[in-house]
Amino acid sequence: MTFQIKNPLNWLGVAVLTALAMLGNYYSIEIFFGIDFLFGSIFVFLIVYCYGIKPGLAASVLAGAATYFLWNHLFGLVILTAESLSVYLLYRKYRVNVAIMDGLFWLFIGIPLVFWFYFGFLDMDLLDTAIVSLKYMVNGIFNCLVFSILYLMYQQYVLKKARPKRFQELLFITFTSVFLIPTVFLLVYEGNKEYRGELDNISQSASLKTQMIKSSLTNWESTHRASLNTLRLYITSSSNMDSHLRELGRTMPYVQDIYVFNQRKDLNHIYSETSNLPFYDVKFLKLSELYPYVTDVYFNHFTREQMTSIVVPIHEKSYTGFAVATYRMKDLLVLLNNMKPTENIEVSLYNEHELSMFRIGQLKNNQFVRTDDYSKPFIMQPLEDTGSNKISMWKQSYLAEVAEVPAIPWRPMTTVKVEPYQNALYASYTRLLGIVLMIIGFSIAIAYYLSSVLVRSIRQLSNITEQLSASKLTHHKASWPKTSITEVSRLIRSFEQLITDFNRVMQELRQKQKKLEYFAHFDVLTNMHNRYSFTEQLEKELRLATQFDRSVAIMFCDLDRFKLINDSLGHDTGDELLKELADTIRRVCGERAILCRHGGDEFLIALPNSGAEERNLEDISAQLLEEMAKPILIGDNEVSVTCSIGISLFPQHAETIDDLISTADIAMYSAKEKGKNTYEFFTPELNNNLARRVAIEKELQRALELNEFTLYYQPQVSLETMKITGLEALIRWYNPNLGHVSPGEFIPVAEETGIVRKLGEWVIDQAARDLKGLMESGIHDINVAVNISIKQFYHESLPEFILSKLQEHGVPSSLFKIEITESVVIDHFDLVLNQLHTLKEAGIQVALDDFGTGFSSLNYLKILPIDIVKIDRSFIKDILSNEQDAAIVQAIIQIADSKNLTVIAEGVETAEHTSFLQSVGCPQAQGYVFSRPQPIEQLLGRLLPLQEAAK
């Protein structure tokens with residue numbers, strides 16, 4: 001075809017196809033270890049056959065140049081341009097299908113060029129060159145087949161030039177497509193399966209070695225520590241000590257020297273394996289350590305060897321000091337390297353400097369992605385140029401895993417060479433590609449033969465129809481040749497055979513795809529069992545537990561505050577958080593646990609057999625709470641959540657799956673009521689608690705309307721004058737059906753049901769009304785404090801409501817205080833901070849309640865607009881017997897005083913508490929020693945005489 005220069009549509013078509021060709025080469029599909037497939041030649045051939053050779057060659061040069069960014073050399077430009085030109089010239093001369101011409105090009109020109117460049121110029125191995133050559137050929141023939149199909153469509157629907165097609169060519173394309181498309185699909189599928197298998201082999205080797213390292217080092221540390229601990233028995237006898245040291249030196253493998261230092265770090269006893277220049281740096285002796293420990297790696301200044309040591313503090317009546325055993329790191333590394341598996345695996349010390357000489361990353365969708373996370377297995381690729389090709393880069397790569405061993409500060413690192421696995425995969429794939437090429441050649445030959453035979457038969461059939469028409473005209477009876485009927489039958493049988501072959505291939509694919517049904521039983525996001533699969537697995541475990549008289553535990557985990565994270569940071573962040581938490585649950589609970597994502601933020605964990613013992617369950621639950629509470633970095637956000645866990649046991653608590661889940665759910669809600677971030681075992685009493693909770697929720701709906709709430713006030717006293725300076729408003733509820741209900745029972749229910757907002761508004765209104773009553777009685781120097789829930793902050797009209805109520809009752813804002821807890825601030829910082837500033841500017845004092853029990857108390861003293869710090873009662877309770885609590889209280893008072901903040905100590909119950917707080921300079925206090933909470937009427941009877949006496 002001649003390219004029409006002045007036609008803008010031609011230019012547009014060439015430009016679009018050229019861009020697609022460049023993208024098809026640049027965004028290659030890497031199948032494994034540097035072997036990638038390109039698809040740019042499909043669009044280059046479209047340009048050549050639709051617009052001419054000149055724009056086609058230009059497009060081929062541009063598309064070939066894109067491969068430089070993949071392979072760091074221009075051979076792709078040369079070979080792909082040569083392919084386009086050669087196939088075009090062969091087609092013009094012989095008019096044979098492009099797939100056949102492409103196969104001939106690769107067989108006689110392309111593969112020799114690939115061997116010359118890769119084997120001769122780049123000095124690659126014969127195996128690597130062979131697989132690259134076969135990959136080029138399969139890739140090229142497949143692209144030509146796809147081009148043949150697209151070419152027909154492009155001519156008809158884009159160029160609008162539906163020229164007559166040769167029937168033989170159409171049949172050839174049809175036959176080859178039926179054979180080759182499933183074949184190439186199988187090639188990619190099987191190859192990717194083998195690739196995944198080799199990656200799993202590498203990872204399993206590294207993980208197995210790492211587990212062996214952890215076990216060996218843990219055993220080394222514990223046994224040698226125990227041996228050193230026996231020295232305390234001989235510390236008073238010098239001769240016995242020396243002989244015991246020699247005995248230990250002979251029995252403790254890999255030990256170099258054993259030292260005994262006194263508490264002044266003077267050397268008292270020594271054993272040296274070599275007796276040559278014994279050395280130990282006493283800076284590793286820590287007088288503050290009470291328990292044995294392993295030191296970090298250090299250098300022996302005499303031998304210039306890396307060393308480590310085990311230090312065991314000795315605390316006896318007559319002697320205080322240290323027993324120290326030293327070891328050469330190279331001996332320990334030899335020990336670790338000799339443990340199986342040893343083939344292609346090396347153990348060394350984790351060294352950030354050495355890692356800086358590698359590119360560190362992980363494989364995601366077969367692509368190498370850079371990462372700085374060393375907590376998971378990672379790939380190490382050399383930084384320097386390795387012959388400008390990905391294959392050589394992978395040959396010098398390693399899969400590494402860092403072992404974290406408890407009580408040992410230095411970290412061994414396991415590295416597995418990728419090259420042996422790469423070579424094995426290349427050898428397997430070379431055979432596979434060879435078989436595929438044989439199938440391709442056979443398919444092309446069969447397709448060409450069949451198309452020729454069928455066209456010949458159809459041509460003969462056409463001649464027969466002409467004879468039939470003539471016979472009709474001459475009134476002669478038509479005589480169909482037997483050969484014609486045979487050819488038509490052969491045509492039908494050929495199509496039937498092709499369809500049969502195609503169905504057979506697809507059936508094989510469907511059989512392999514059945515393996516994917518496994519994922520239908522799992523939650524896509526967390527890779528945990530879904531409810532259906534969890535029920536199936538649990539039924540099996542319950543049958544086994546019944547048969548062998550064993551227990552099964554069900555743990556119901558519900559995430560605390562997950563909805564807030566989902567709503568504030570988005571569902572994508574929530575999904576990533578769920579993935580990380582699922583991995584945490586899987587890691588903590590072990591392989592035997594049956595894990596299920598039960599709902600949006602709910603998980604079910606079934607622990608069969610030994611894992612169901614209560615002591616083990618407590619350990620697992622505690623570890624799970626600890627691990628899940630750790631902050632997780634997701635994107636630019638550091639997110640942390642806690643969870644509440646309910647535990648039910650089979651058959652003790654329930655005997656059916658539904659009842660087990662139900663009882664675990666009840667226990668989980670009990671854990672939430674206890675403050676969240678804890679676990680609770682189911683007990684029969686919890687059913688009663690649930691019934692009472694339902695009753696509280698029901699009665700709470702109408703308690704405000706029936707005026708069942710009252711306010712009690714607890715005085716806050718100046719420890720200098722012993723006069724009442726303020727009152728804290730505390731809500732009380734008496735219900736005719738439930739009796740007295742404690743705030744600890746109904747306030748959590750009010751927060752969950754949303755009633756807490758109306759309840760809080762009633763408290764603010766009633767407290768302002770009572771404060772007005774105090775002022776009308778002549779008491780003008782006592783302020784009133786109310787507690788504010790986070791639910792009230794959700795509505796940004798809170799400051800406006802408080803100020804309107806103070807104005808309604810004629811109460812000055814200087815006599816009104818609000819109290820908030822640290823948890824309110826931590827969970828909703830920005831929301832709370834803006835409203836606190838508004839209240840502060842209006843003259844209302846802000847008190848930080850339960851100070852010292854949160855995570856960032858001191859930081860909030862600096863950034864929050866607070867006036868008062870209330871020390872939590874947990875620090876006051878044991879202040880006379882616990883030196884640490886006393887020191888914390890004194891520190892809080894000093895820090896608050898330096899920031900001009902008032903301190904109020906809560907929970908003061910004895911005169912001794914009062915005296916101590918006075919001695920350390922605490923300004924104010926409240927507690928039962930001064931007064932229990934009382935109605936305002938009773939307090940007026942106490943305050944009015946004091947007011948008259950003051951006058």
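**Side-chain pairs and cores in a predicted model**

Let me begin with a single residue, R702, which is partly exposed, with 40% of relative accessible area. Before I go further, please keep in mind that what we have on the screen is a predicted model, and that each value I quote was computed from it.

R702 has a partner, E699, and the two side chains meet in a salt bridge in which N and O are 3.4 Å apart. Both residues belong to helix 20, which covers residues 684-703, and they sit three residues apart, about one turn of that helix. The partner differs in its surroundings, since E699 is buried at 9% relative accessible area, whereas R702 is partly exposed. In general, side chains of opposite charge can pair when their charged atoms come close.

The structure holds 24 salt bridges, and I would like to show two others. K870 forms a salt bridge with E728, and here the closest N and O atoms are 3.1 Å apart. This pair links distant parts of the chain, for K870 is in strand 28, residues 868-871, while E728 is in strand 23, 142 residues away in sequence. Are K870 and E728 buried or exposed? Both K870 and E728 are buried.

The other example is E761 with R757, a salt bridge whose closest N and O atoms are 3.5 Å apart. Because these two residues lie four residues apart in helix 22, residues 756-776, about one helical turn separates them. E761 is partly exposed at 24% relative accessible area, and R757 is partly exposed as well, at 32%. Salt bridges can also share partners, and in this way E305, R328, K330 and D331 are joined into one network.

Now to the aromatic rings. A pair of such rings is described by two things, the distance of the centres and the angle of the planes. How many aromatic pairs does the structure hold? The number is 20. One of them is W220 with W410, a tilted pair with 6.2 Å from centre to centre and 50° between the planes. W220 sits in helix 8, residues 167-229, and W410 in the loop between strand 13 (398-402) and strand 14 (412-417), which makes this a link between distant parts of the chain, 190 residues apart. W220 has 4% relative accessibility and counts as buried, and W410, at 3%, counts as buried too.

W733 and F746 give us an edge-to-face pair, with centres 5.5 Å apart and 85° between the planes. W733 is in strand 23, residues 724-735, and F746 is in helix 21, residues 743-753, so the pair ties together parts that are 13 residues apart in sequence. W733 is buried at 2% relative accessibility, and F746 is buried with a relative accessible area of 0%. You may recall that strand 23 also carries E728, from the salt bridge with K870.

Rings can gather in groups as well, and F45, Y49, Y88, F147 and Y151 form one aromatic cluster. Charged side chains can also lie over a ring, as K286 does over the face of Y293, at 5.3 Å from the ring centre. In the case of R932, the charged end sits over the ring of Y928, 4.0 Å from its centre.

Let me turn to the nonpolar cores. Which residues touch the most other members of the largest nonpolar core? They are I818 and L917, in a core of 79 residues. Helix 22 gives the most to this core, namely ten residues. If we leave aside residues up to four places away in sequence, I818 touches V786, I788, I802, L836, L839, I844, Q845, V846 and A847. There is also a second, separate core of 46 residues, and its members include L38, L46, Y51 and I111.

I finish with the cysteines. A disulfide requires two cysteine sulfur atoms within 2.5 Å, and by this rule the count is zero. Why is C589 not bonded to another cysteine? The closest cysteine sulfur, in C557, is 7.0 Å from the sulfur of C589, which is too far for a bond. C589 nevertheless counts as buried, at 9% relative accessibility, and another cysteine, C144, is buried with a relative accessible area of 0%.

Key:
Residues are numbered from 1 along each chain as its sequence is written. This is a predicted model: local features need pLDDT of at least 70, side-chain atom pairs count only at pLDDT 80 or more; totals for chains, interfaces and linings use all residues. Side-chain values use heavy atoms; hydrogens and water are left out. Buried means under 20% relative accessible area, exposed over 50%, partly exposed in between (1.4 Å probe, protein chains only). Rings of Phe, Tyr and Trp (its six-membered ring) pair if their centres lie within 6.5 Å; planes under 30 degrees apart count as stacked, over 60 as edge-to-face and the rest as tilted. A charge sits over a ring if NZ of Lys or CZ of Arg is within 6 Å of the ring centre and within 35 degrees of the ring normal. A salt bridge is a side-chain nitrogen of Lys or Arg within 4 Å of a carboxyl oxygen of Asp or Glu. A nonpolar core is a set of buried Ala, Val, Leu, Ile, Met, Phe, Trp, Tyr and Cys residues joined through side-chain atoms within 4.5 Å. Contact means heavy atoms within 4.5 Å.
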